[in-house]
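Here is a short report on one protein chain. Look at the sequence and the fold first, then read on.

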Amino acid sequence: QVQLVESGGGLVQAGGSLRLSCAASGTIFRSNVMGWYRQAPGKQRELVATLNTRGSTNYADSVKGRFTISRDNAKNTVYLQMNSLKPEDTAVYYCNLNNVGVDFWGKGSLVTVSS
């Protein structure tokens with residue numbers, strides 16, 4: 001079984017920073033995509049950022065220039081450095097692994113940004 005373990009969420013003041021981490025374990029194909037999604041109250045889940053094993057990234061327009069996704073391929077670990085946080089970034093952040101076309105999810109980590 002694939003398991004994703006997230007850490008790094010919490011409370012932060014607007015303008016501050018947080019770093020999320022997610023480590024995947026289990027049987028994972030060499031070529032895969034890891035990323036972060038978020039769901040704010042009253043809104044649908046949305047993509048935040050993804051990163052494949054070749055270094056190709058995809059960011060939501062709302063976080064470009066503020067968030068940076070990175071990964072350690074050897075550890076199957078993905079990170080999300082979040083800078084200049086805004087109240088609208090408040091959401092539950094979910095780690096995602098797409099492994100051979102199958103999605104696996106972490107249980108979510110709450111990020112709350114105060115104004």
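R66 sits in the loop between β6 (57-59) and β7. Strands here (E, at least two residues) are DSSP runs numbered from the N terminus, as are helices (H or I, at least four). R66 is buried, with a relative accessible area of 11%. Buried means under 20% relative accessible area, exposed means over 50%, and partly exposed lies in between (1.4 Å probe, protein chains only). The side chain of R66 reaches the backbone oxygen of S62 at 2.9 Å. Leaving aside neighbours within four places in sequence, R66 is in contact with Q81, M82, N83, S84, L85, K86 and D89. Contact means heavy atoms within 4.5 Å.

This is a predicted model: local features need pLDDT of at least 70, side-chain atom pairs count only at pLDDT 80 or more, and totals for chains, interfaces and linings use all residues. Residues are numbered from 1 along each chain as its sequence is written, and side-chain values use heavy atoms, with hydrogens and water left out.

**The sheet**

Four strands form an open, antiparallel sheet in the order β1-β3-β8-β7. β1 (3-7) and β7 (67-72) stand at the edges with a single partner strand each, so one side of each has no neighbour in the sheet. On average, neighbouring strands of this sheet are turned by 15° against each other, direction ignored. The angles run from 0 to 180 degrees between N-to-C directions, and the axes are lines fitted to C-alpha atoms, for helices over the stretch in contact.

Two strands pair if DSSP finds at least two bridges between them. β3 and β8 (residues 77-82) pair in the antiparallel sense over six bridges. Within that pairing, R19 has Q81 of β8 as its bridge partner. Six bridges also join β7 to β8, again antiparallel. There, I69 has L80 as its bridge partner in β8. Five of the six residues of β8 are buried, so β8 is largely enclosed by the rest of the structure.

**Two positive phi angles**

Neither residue in this table is a glycine.

| Residue | Phi | Loop | Relative accessible area |
|---|---|---|---|
| N76 | about 50° | between β7 and β8 | 17%, buried |
| V100 | about 55° | between β9 and β10 (102-105) | 61%, exposed |

The hairpin of β7 and β8 has four residues between the strands, and N76 takes its positive phi there.

**The disulfide**

Which residues does the disulfide join? It links C22 to C95, with S to S at 2.0 Å. A disulfide is counted when a pair of cysteine sulfur atoms lies within 2.5 Å. By this rule there is one disulfide. C22 lies in strand β3 (residues 18-25) and C95 in strand β9 (residues 91-99), so the pair ties together parts that are 73 residues apart in sequence. The torsion about the S-S bond of C22 and C95 is about -85°, so the disulfide is left-handed. Both C22 and C95 are buried.

**The core**

The largest nonpolar core has 29 residues. Such a core is a set of buried Ala, Val, Leu, Ile, Met, Phe, Trp, Tyr and Cys residues joined through side-chain atoms within 4.5 Å. W36, V48, F67, I69, L80, M82 and Y93 touch the most other members. β3, β4 (32-39), β5 (46-52), β7, β8, β9 and β11 (109-114) each supply at least two residues of this core. Beyond its neighbours within four places in sequence, Y93 is in contact with residues including L20, W36, V48, F67, L80, M82 and V111.

How values were computed: A polar contact is a pair of N or O atoms within 3.5 Å; within protein, one must be able to donate a hydrogen and the other to accept it, and residues adjacent in sequence count only if both atoms are side-chain atoms.
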